[in-house]
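Where is the ligand held in this protein, and what surrounds it? The paragraphs below go from the pocket to the ligand shell and then to the backbone.

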Amino acid sequence: MYKIIGSPLTRGFRVIWCMEELGLEYELISAKPHSPEILELNLSGKVPALVVGDDVIFDSTAICQFLADKHAKGEQGDLTHKAGTIARAHQDSWTQFALDEVDGPLWTAAKHTFSYPEELRCKDAKPAAKFEFDRAIKSLETRLGEKPFVTGDTFTLPDLILCHCANWAEFGTKWPIPDGNAKDYFNRIRQRPAYKKTMQKRKS
Ligand SMILES: N[C@@H](CCC(=O)N[C@@H](CS)C(=O)NCC(=O)O)C(=O)O
C-alpha cells in the first residue's frame, strides 16, 4: 500500500486528493515539515513524500503524475492524458504554469512571511509576489475561456494543482480571486467528491 508522509495542511493535500480521485488505498502519516518522520526519508525536511515499496518519491507534482500515469484507466481520463500526445504536451505546459506562475509567488510570499529566518525576510517581496499572482490569474482567465478544465473537457493534474493553489491563496495568504471565469472554475472543481473527501481530512 502507498504511504504518504505529509499533512493535508501542506502540499500533501495534492497527493491525498490525487489518491482519492484515483480511488487508491493509502496510509497517511500526517507529518509536518522537518518532523522526524520526514527527515528520516528526506534530508531537506520538505513534505510530502510517497513511499512506494523500498523507494521514496519527493515533490507533490511528480508524485501525482506518477500515480496518474500508473493508475489512470480511461483513454484520456483519470487525471492525465497519455504521454507522447499533443493533449499531454498541453497538460504539462499547464502544470508548469501552475508551478512557476501560481505556486511560485505563493511560496515566495510564504517564505518572506514566516518560512525564512527573520533577517532574510524582505517587506517588498509580498506585494511583488501578489503582482505576479494576479497577473497569472488574469492569464488563466484568458486561456481558460469557456472550457470546463484547462485542457478541455477532462479534469487533469494541473486543474488539481491550480485549485490547491487557489485555496492556498484565498484561505491562507488571503489573496482573493476576483469574480469571473477563473473563480467559477475553482468553485466547480470544489464540488468534486474527491476534493470534498480531502477537505474533510484537512479538517479532522
Ligand atoms: N516542490 C515541492 C515543495 C515541497 C515544499 O516546499 N513543501 C513545504 C510544505 S507545503 C515544506 O515542506 N517546507 C519546508 C521547507 O521549505 O523547509 C512539492 O511540490 O512537494
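In this predicted model, the ligand sits in the largest pocket. That pocket holds about 1000 Å³ of space, and 37 residues line it. Of these, Thr10, Arg11, Val47, Trp107 and Trp168 lie nearest the centre of the pocket. By type, the lining of the largest pocket consists of 17 nonpolar, 13 polar and 7 charged residues.

Several helices take part in this lining. At least two lining residues each come from α1 (12-22), α3 (60-71), α4 (86-115), α6 (157-173) and α8 (193-203). The largest share belongs to α4, which supplies 9 residues.

The next step is from the pocket wall to the ligand itself. The residues around the ligand are Thr10, Arg11, Arg14, Pro33, His34, Lys46, Val47, Pro48, Asp59, Ser60 and Trp107. This shell divides into 4 nonpolar, 3 polar and 4 charged residues. Thr10, Arg11, Val47 and Trp107 appear in the shell and also among the residues nearest the centre of the largest pocket.

Which atoms of the ligand do the side chains of Arg11, Lys46 and Asp59 approach? For Arg11, a polar side-chain atom lies 3.2 Å from an oxygen atom of the ligand. For Lys46, an N or O atom in the side chain is 3.0 Å from an oxygen atom of the ligand. Asp59 faces a nitrogen atom instead: a polar atom of the Asp59 side chain lies 2.6 Å from that ligand nitrogen. On its own the ligand has 500 Å² of accessible area, and the protein covers 79% of this.

Two residues of the shell, Pro48 and His34, also deserve a look for their backbone geometry. Most residues other than glycine have a negative phi, and most peptide bonds are trans. The peptide bond from Val47 to Pro48, however, is cis, with omega near 5°. Both Val47 and Pro48 are around the ligand, and Pro48 lies in the loop between α2 (36-39) and β3 (49-52). His34 is not a glycine, yet has a positive phi of about 65°. The place of His34 is the loop between β2 (26-29) and α2.

Note on methods:
Residues numbered from 1 in each chain as written. Predicted model: local features only at pLDDT ≥ 70, side-chain atom pairs only at ≥ 80, totals over all residues. Heavy atoms only, no water. Near = heavy atom within 4 Å. Polar contact = N/O pair within 3.5 Å; in protein donor to acceptor, adjacent residues only side chain to side chain. Areas by Shrake-Rupley, 256 points an atom, 1.4 Å probe, with all protein chains shown as cover. 1 Å grid on protein atoms, 1.4 Å probe; cavity = no way out; pocket = protein on both sides within 12 Å on 5 of 7 lines; lining within 4 Å. Sits in = over half its atoms within 2 Å of the grid points. Nonpolar A, V, L, I, M, F, W, Y, C, P; charged D, E, K, R; others polar. Points joined across faces, edges and corners; volume = space filled by probe spheres on them. Helix = DSSP H or I, 4+ residues; strand = E, 2+ residues; numbered from the N terminus.
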